[in-house]
Amino acid sequence: MAYPGYEDEFGDFSIQVPGIQMGQPVPETGPVILLDEYCGFPAFSDAYSSAGDSVYTYFSAVAGRDGELDAEELQRCLTESGISGTYSPFSLETCRIMIAMLDRDYTGKLGFNEFKELWAALNAWKQNFMIVDQDGSGTVEHHELRQAIGLMGYRLRPQTITTIVKRYSKNGRIFFDDYVACCVKLRALTDFFRKRDHLQQGSVNFMYDDGTMAI
C-alpha cells in the first residue's frame, strides 16, 4: 500500500494546506497488528535551510557537555525558544515521547540533527493546529482534530478518532501540548509499521520485544 509523504527515508512536508508549505526482516511469528491506513507526516529533510542557525543557538544554550538534550533539557530548550507561542509550554511527559520518537541510537537523548528534525515537525504541527483551530480557542475539538489528522494525510476510522479524542482531551477539548503528544504517537507508530510492512499490505508480524520499541 502507498505511504503518502514517504519519498525518502524521512518523508517530506508535502501536506496540501492552503498557504502553508509543510514539509532486517522480522520473524513470521508473533501478533498481527493492523493499522487503519498508513500515511505521511511532517518530518525533517536534508534540505533544512540555513535558518537552522537560530535553532542551534537554542540547542547549544541548553545542551550539556555531551552535546545532547535529555527530557528536562529539551523541555527547557523548547520553553526558552518560544516555539509554543501563546500556548502552554510542553510538559515533561510530552518531551519524553518526543525523544522516544527520534532517539534512533537509544541514548535517551537528542543530538542536534535529531533536534532539528523535531523542530521542523513541531513547526509543521503548530501551523496545522492553528489552521484547524477555527474559533481561536487555543484548543481543538473532535471535528477539528478529524480535520487536522486528515490534513496530515492520515485516514483513520471514526471510531479511532473518537478514541484519540477521549485519550488526549480535557472535557472534549485538546490543548496544544496534548495535540503534539498525539502527533508524536501517530508519527512514531506510522514509522514503526512502515519499516516493517515490507510488502506494504497494511499488516505486520513482530515479536513482543520488537513491538515495545514503538512505545
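Modeller: Read from the N terminus on, the elements of the protein chain follow the order β-β-β-α-α-α-α-β-α-α-β-α-β-α, and the chain has 8 helices and 6 strands. This is a predicted model, in which local features need pLDDT of at least 70 and side-chain atom pairs count only at pLDDT 80 or more, while totals for chains, interfaces and linings use all residues. Residues are numbered from 1 along each chain as its sequence is written, and side-chain values use heavy atoms, with hydrogens and water left out.

Colleague: What makes a stretch of the chain a helix or a strand here?

Modeller: The elements are DSSP runs, numbered from the N terminus: a helix is a run of H or I with at least four residues, and a strand is a run of E with at least two.

Colleague: How do you know that the span of helix H4 agrees with its number of residues?

Modeller: The expected span of a helix is 1.5 Å times one less than its number of residues. Helix H4 covers residues 112–132, which is 21 residues, so H4 should span 30 Å, and the C-alpha atoms at its ends are indeed 30 Å apart.

Colleague: Why is H4 described as mostly covered?

Modeller: In H4, 15 of the 21 residues are buried, where buried means under 20% relative accessible area, exposed means over 50%, and partly exposed lies in between (1.4 Å probe, protein chains only). For the protein chain with its 215 residues, buried residues make up 48%.

Colleague: How do you know how many disulfides the structure holds, and what keeps Cys182 from forming one?

Modeller: A disulfide is a covalent bond between the sulfur atoms of two cysteines, and the test applied here is a pair of cysteine sulfur atoms within 2.5 Å. The sulfur of Cys182 has its closest cysteine sulfur in Cys183, at 5.6 Å, which is too far for a bond, and the structure holds 0 disulfides. Cys182 is buried, since its relative accessible area is 4%, and Cys183 is buried as well, at 3%.

Colleague: Why are H2 and H3 called roughly perpendicular, parallel, antiparallel or oblique to each other?

Modeller: Axes are lines fitted to C-alpha atoms, for helices over the stretch in contact, and the angles run from 0 to 180 degrees between N-to-C directions. The axes of helix H2 (residues 71–81) and helix H3 (residues 92–102) come within 9 Å and cross at roughly 110°. Angles under 35 degrees count as roughly parallel, over 145 as roughly antiparallel, 65 to 115 as roughly perpendicular and the rest as oblique, and H2 and H3 are therefore roughly perpendicular to each other. Their contact (heavy atoms within 4.5 Å) is made by Ala71, Glu72, Leu74, Gln75 and Leu78 of H2 and by Leu92, Cys95, Arg96, Met98 and Ile99 of H3. By class, this contact has 7 nonpolar, 1 polar and 2 charged residues, where Ala, Val, Leu, Ile, Met, Phe, Trp, Tyr, Cys and Pro count as nonpolar, Asp, Glu, Lys and Arg as charged, and the others, Gly among them, as polar.

Colleague: What makes the phi of Tyr106 worth pointing out?

Modeller: Most residues other than glycine have a negative phi. Phi of Tyr106, however, is near 55°, a positive value in a residue other than glycine. Tyr106 sits in the loop between H3 and H4 and is exposed, because its relative accessible area is 59%. For Asn171, phi is also positive, near 55°, and the residue is found in the loop between helix H6 (158–168) and strand S5 (174–175). With a relative accessibility of 84%, Asn171 counts as exposed.

Colleague: Why is Asp177 called buried or exposed, and which residues does it touch?

Modeller: Asp177 lies in helix H7 (residues 176–196) and has a relative accessible area of 14%, so Asp177 is buried. Not counting residues up to four places away in sequence, Asp177 touches Pro89, Phe90, Ser91 and Thr94. The C-alpha atoms of Asp177 and Phe90 are separated by 5.4 Å, although these residues are 87 residues apart along the chain.

Colleague: How do you know whether Leu186 is buried or exposed?

Modeller: Leu186, placed in helix H7, has a relative accessible area of 14% and is therefore buried. With residues up to four places away in sequence left out, Leu186 touches Ile149, Tyr154, Leu156 and Ile164.
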